[in-house]
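Me: I would like to learn how to read the way helices pack in a model like this one, both within a chain and between chains. Could you take me through it feature by feature?

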Amino acid sequence: MEILETVFVRNSLVVAFAVVGLTIWISYFLADKLTKGRIHGSAIAIALGLLAAYFGGKATGGSTGVADITLLGGIGLMGGGMMRDFAIVATAFGVKLSELKKAGLAGVVSIFAGVIVSFVVGAVVAVLYGYTDPVAVTTIGAGAVTYIVGPVTGSALGADSDIIALSVAAGLIKSILVMIGTPLVAKTIGLNNPQSAMVFGGLMGTTSGVAAGLAATDPKLVPYGAMTATFYTGVGCLLGPSILFFIVNAIL
Amino acid sequence: MIVYGVALLSACLILGMLIGELLGVALGVQANVGGVGIAMLFLVLASNSDRFKALVDGASGTGIQFWSAMYIPIVVAMAARQNVVAAFEGGMLAVVAGVAAVIVSFALVPVISKIGNSDTSSQESQ
């Protein structure tokens, strides 16, 4: 057992490759046999990943899901921000400039609309739950933007740590729901071309949610959605503690 | 050489991230503003330009394609390291706020997609 652990820990990233590969193989097998290909294999793999993260977090009490289990530490590196961004940028290889230009205006509009709409929805929910402090309402609203905008806004405004935790939780729920929900609603919302993918990325904004949601819908759309989504958090951090807070402060 | 493509990809990412950080500082925001998106633009420009042909054609290109293909496995690993427990322990307020934000945003996709785009030529039969 000790030898096993030594080998696994020393080669953590390699272990992660093997484990993820096996997970994807099982997922594609299930997608083929159980759903006859109606649910995409990668959607099942992502759902399995989230499920594993839940049990990993429950078992260890850590904050990085499966990666807190000693033997699976490499998942943390493989699924971390650096590798994610590297692979996302690689998906842009082969993208046509003309497609980007076509959706340029709609893409920009979607980023601002996405930030503002998510913020308003989050803030309204906070008010409905009885919050009246402008700082708390703004922080929870910012959390509904993304789980990065929430704490950035909260700490800029001096919100309590439990409010910040709440905003992170709201952002995480959003991100997870986008991962799982996107392939289910893709057809209904017309998510089948580069332009709508760019708008989708700008509206949803959560990079991990958009990345996983589009991967499970149609991998060809990933670069377009990811491109706009990466501007979203920046815009959110810009608007949250400033204009959006002033507006909330004026209303409440 | 495969590594040329990988190096080009890395250079695009680092350059994009640097610009994103600088934008963040310039705007007074504690975040990277669009670093990944800017890096993607660089890669699109490089792969569409003649000057970088040696870095994106043939074996060099497969160095980039490999990482592009590793995207879904990396996303699966990313899903497996999310703080799912914290998400559900935030209570009903967090769930309601998150779910409502997603539903409204989903509904806006077809609305905003119409901006500056009247043709729906790319609607493929499913």
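Me: In which sense, left-handed or right-handed, does α5(A) pass α5(B)?

Reply: Before the case itself, please keep in mind that this is a predicted model. The handedness of a crossing depends on which way the near helix is turned from the far one, and here α5(A) passes α5(B) in a left-handed crossing.

Me: How do the axes of these two helices lie, and at roughly what angle do they cross?

Reply: Angles are taken between N-to-C directions and run from 0 to 180 degrees. Helix α5 of chain A, residues 81-91, and helix α5 of chain B, residues 71-80, have axes that come within 9 Å and cross at roughly 150°. Angles over 145 count as roughly antiparallel, and α5(A) and α5(B) are therefore roughly antiparallel to each other.

Me: Which residues make that contact, and how do they divide by class?

Reply: From α5(A) the contact takes M83(A), R84(A), A87(A), I88(A), A90(A) and T91(A), while α5(B) supplies Y71(B), I74(B) and M78(B). Sorted by class, the contact of α5(A) with α5(B) has seven nonpolar residues, one polar and one charged.

Me: How do the axes of α11(A) and α7(B) cross?

Reply: The reading proceeds in the same manner, from the angle to its name. The axes of helix α11 of chain A (residues 194-204) and helix α7 of chain B (residues 92-113) come within 9 Å, with a crossing of roughly 140°. That angle makes α11(A) oblique to α7(B), and the crossing in which α11(A) passes α7(B) is right-handed.

Me: Which residues meet there, and what is their character by class?

Reply: On the α11(A) side they are Q195(A), S196(A), V199(A), F200(A), L203(A) and M204(A), and these meet S105(B), L108(B), V109(B), I112(B) and S113(B) in α7(B). The residues of the contact of α11(A) with α7(B) divide into seven nonpolar and four polar, with no charged residue.

Me: How many residues of α11(A) are buried, and against what do they pack?

Reply: Burial is judged by counting neighbours, and a residue counts as buried if 20 or more other C-beta atoms lie within 10 Å of its own. Eleven of the eleven residues of α11(A) are buried, so this helix is largely enclosed by the rest of the structure. Its buried residues, among them P194(A), M198(A) and G202(A), pack against α6, α7, α10, α12 and α13 of chain A together with α7 of chain B. After α11(A) comes G205(A), whose phi is positive, near 80°.

Me: How many residues take part when chain B touches chain A, and which element gives the largest share of chain B's side?

Reply: An interface can be read by size, then by element, then by class. In this model 68 residues of chain B are in contact with 101 residues of chain A. The elements of chain B giving two or more residues to its side are α1, α2, α4, α5, α6 and α7, and the largest share, 18 residues, comes from α7(B). By class, that side of chain B has 45 nonpolar, 21 polar and two charged residues.

Me: How many helices and strands does chain A have, and how compact is chain A?

Reply: Chain A has 13 helices and zero strands. The radius of gyration of chain A is 19 Å, close to the 18 Å that the globule rule gives for 252 residues, so chain A is as compact as a globular protein of that length. Along its principal axes the C-alpha trace of chain A spans about 60 × 45 × 30 Å, and buried residues make up 60% of the 252 residues in the chain.

Terms used. Residues numbered from 1 in each chain as written. Chains lettered and ligands numbered in written order. Predicted model: local features only at pLDDT ≥ 70, side-chain atom pairs only at ≥ 80, totals over all residues. Helix = DSSP H or I, 4+ residues; strand = E, 2+ residues; numbered from the N terminus. Parallel < 35°, antiparallel > 145°, perpendicular 65-115°, else oblique. Contact = placed C-beta atoms within 7 Å. Nonpolar A, V, L, I, M, F, W, Y, C, P; charged D, E, K, R; others polar. Rg over C-alpha atoms; globule rule 2.2 N^0.38 Å. Buried ≥ 20, exposed ≤ 12 C-beta atoms within 10 Å, placed from the backbone.
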